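Please look through the sequence and the model shown here. The paragraphs after them start from a single residue and work outward to the whole chain.

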Amino acid sequence: MSAGWFRLVRVRKVKTALYRVAVALSGGVDSAAAAVIIREQGHRVFGVTMRLTDAPVTPAAEVASALGIEHHIFDLREMFRDVVIDAFVAEYLAGRTPNPCVVCNPRIKFGALLQKALELGAERFATGHYARVFYDSDSGRFLLARSLNPRKDQSYALYALKQEQLSRLQLPLGTKTKEEAREIVRRRGVEIAGKESQEICFIPVGDYRTFLRDKAGGGIKPGRIIDHKGNVLGRHNGLPYYTVGQRRGLGLAAGYPLFVTALDTARNELVVGPVDMLYSDGCMVGGMNFIPFDRLEKTITVSVKVRYAAKAKPAEISPAGNDRVAVRFKTPERAVAPGQAAVFYDGDVVVGGGTILYKDEG
């Protein structure tokens, strides 16, 4: 891939057709702003909302009412539990660190909810994500790109979307800041009551450890904390309560900082070490989805994010067979956690991504 791909994020504006657009409303600022923008562009807008937990979806209904648009609520609790929540718990029990949004987006929001919207006559589907979608006439493919706002980019969480999903998608906040989104909503006179998106939508109170204890407490056992030489340093409360790179909450006094470097589920041991042991030269990634092309045929240079909040770092990715890609970082990367998504970029364009299976030792 070459720097020429970067031109795809600077396409000229063209006159767009008007559509019947379903906007995924959560009751928050971002989705409300997306609905306002889409409507002001002249599209025929209606709202759709997923009911994923037992929490009320009243805020979304109130936003739709304030905007004066048709609104539909779909009960997807059973599917969400089977596809997202159960997998979230199982991944932690297996010693991995999952990202539930990456699982939910292609299967639930842009899967089941999009299908419901199409059945209601939607021609396009819009959300409040901060990212951009373009059509590239040379390749005949829809491309995903970073938001123009570097402080608010959510393209990482959308890497798994397929061409048929991207072809329907409109992301009106891809050129906006959060402050601009709030102003758009205020200008329209919509009250949001301070609702903001949560890190994990199905864990409204407390942290994920409390949630895991409630869901799988019987399968979580305390065990030994060891260093890389096998020396026993203490006891852990249960491997799912720890993540690679964690320093706080270990209860160890070694005279120097110790970090979680691995979770050994076979022995139920938490492995810790000094900071230099957090770095990896590469990792193996599986369950791939590529956006500009169907599959990786040769080694290419990209930048890669190994978690949502990480900075993208230069790397080479190579096909490794069995729907896998080998990642080799230009410089060692810190806290590479199995279960997290590795997402690849060429400039602002999302090349694709997958799930980190294991890391190479640095």
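Val272 sits in strand E11. This is a predicted model, and in it Val272 has a relative accessible area of 0%, so the residue counts as buried. What does Val272 touch, leaving aside residues up to four places away in sequence? One group of its contacts is Ile225, Ile226, Asp227 and His228. Another is Leu258, Phe259, Val260 and Thr261, and the list is completed by Leu233, Leu250 and Leu252. A residue farther along the chain gives a sense of distance: Lys359 is 87 residues from Val272 in sequence, and their C-alpha atoms are 15 Å apart.

One of the contacts of Val272 is Leu258, which can be followed next. Leu258 belongs to the loop between strand E9, residues 232–236, and strand E10, residues 259–264. Is this loop residue buried or exposed? Its relative accessible area is 8%, and because the limit for buried is under 20%, Leu258 is classed as buried. Beyond four places in sequence, Leu258 touches Leu233, Leu250 and Leu252, which also appear among the contacts of Val272. The other partners of Leu258 include Gln246, Arg247, Gly273 and Pro274. Gln246 is 12 residues from Leu258 along the chain, with 8.6 Å between the two C-alpha atoms.

Strand E11 covers residues 269–273, and the loop between E10 and E11 holds Asn268. With a relative accessible area of 23%, Asn268 is partly exposed. Its phi is near 55 degrees, a positive value in a residue that is not glycine. Most residues other than glycine have a negative phi. Asn322 also has a positive phi, of about 55 degrees, and is likewise not a glycine. Asn322 lies in the loop between strand E14, residues 313–321, and strand E15, residues 324–334. Its relative accessibility is 73%, and Asn322 therefore counts as exposed.

The loop between strand E13, residues 300–305, and E14 contains Val306. At 1% relative accessible area, Val306 is buried. Its contacts beyond four places in sequence are Tyr156, Phe329, Glu333, Gln340, Ala341, Ala342 and Ile356. Phe74 is 232 residues away from Val306 in sequence, and the C-alpha atoms of the two are 33 Å apart.

These places belong to a chain with 7 helices and 17 strands. Its radius of gyration is 22 Å, close to the 21 Å that the globule rule gives for 362 residues, so the chain is as compact as a globular protein of that length. The C-alpha trace spans about 65 × 45 × 35 Å along its principal axes. Of the 362 residues, 50% are buried. Among contacts with a separation of 6 or more, 66% join residues 24 or more positions apart.

On the outside, the chain exposes about 17,500 Å², of which carbon and sulfur atoms supply 49%. There are 51 positive and 38 negative side chains, and the centres of these two sets lie 2 Å apart.

How far the model can be read depends on the predictor's confidence. The mean pLDDT of the chain is 92, and 93% of the residues reach 70 or more. Over residues 1–14, however, pLDDT stays under 50. The model has 23 contacts beyond four places in sequence for this stretch. Where pLDDT is low, the predicted coordinates should not be read in detail.

Methods. Residues are numbered from 1 along each chain as its sequence is written. This is a predicted model: local features need pLDDT of at least 70, side-chain atom pairs count only at pLDDT 80 or more; totals for chains, interfaces and linings use all residues. Side-chain values use heavy atoms; hydrogens and water are left out. Helices (H or I, at least four residues) and strands (E, at least two) are DSSP runs, numbered from the N terminus. The radius of gyration is taken over C-alpha atoms; the globule rule is 2.2 Å times the number of residues to the power 0.38. Buried means under 20% relative accessible area, exposed over 50%, partly exposed in between (1.4 Å probe, protein chains only). Contact means heavy atoms within 4.5 Å. Accessible areas come from the Shrake-Rupley method with a 1.4 Å probe; for residues, only the protein chains shown count as cover. Lys and Arg count as positive and Asp and Glu as negative; His and the chain ends are not counted. The place of a charge is taken as NZ of Lys, CZ of Arg, CG of Asp or CD of Glu. pLDDT is the predictor's confidence in each residue, from 0 to 100.
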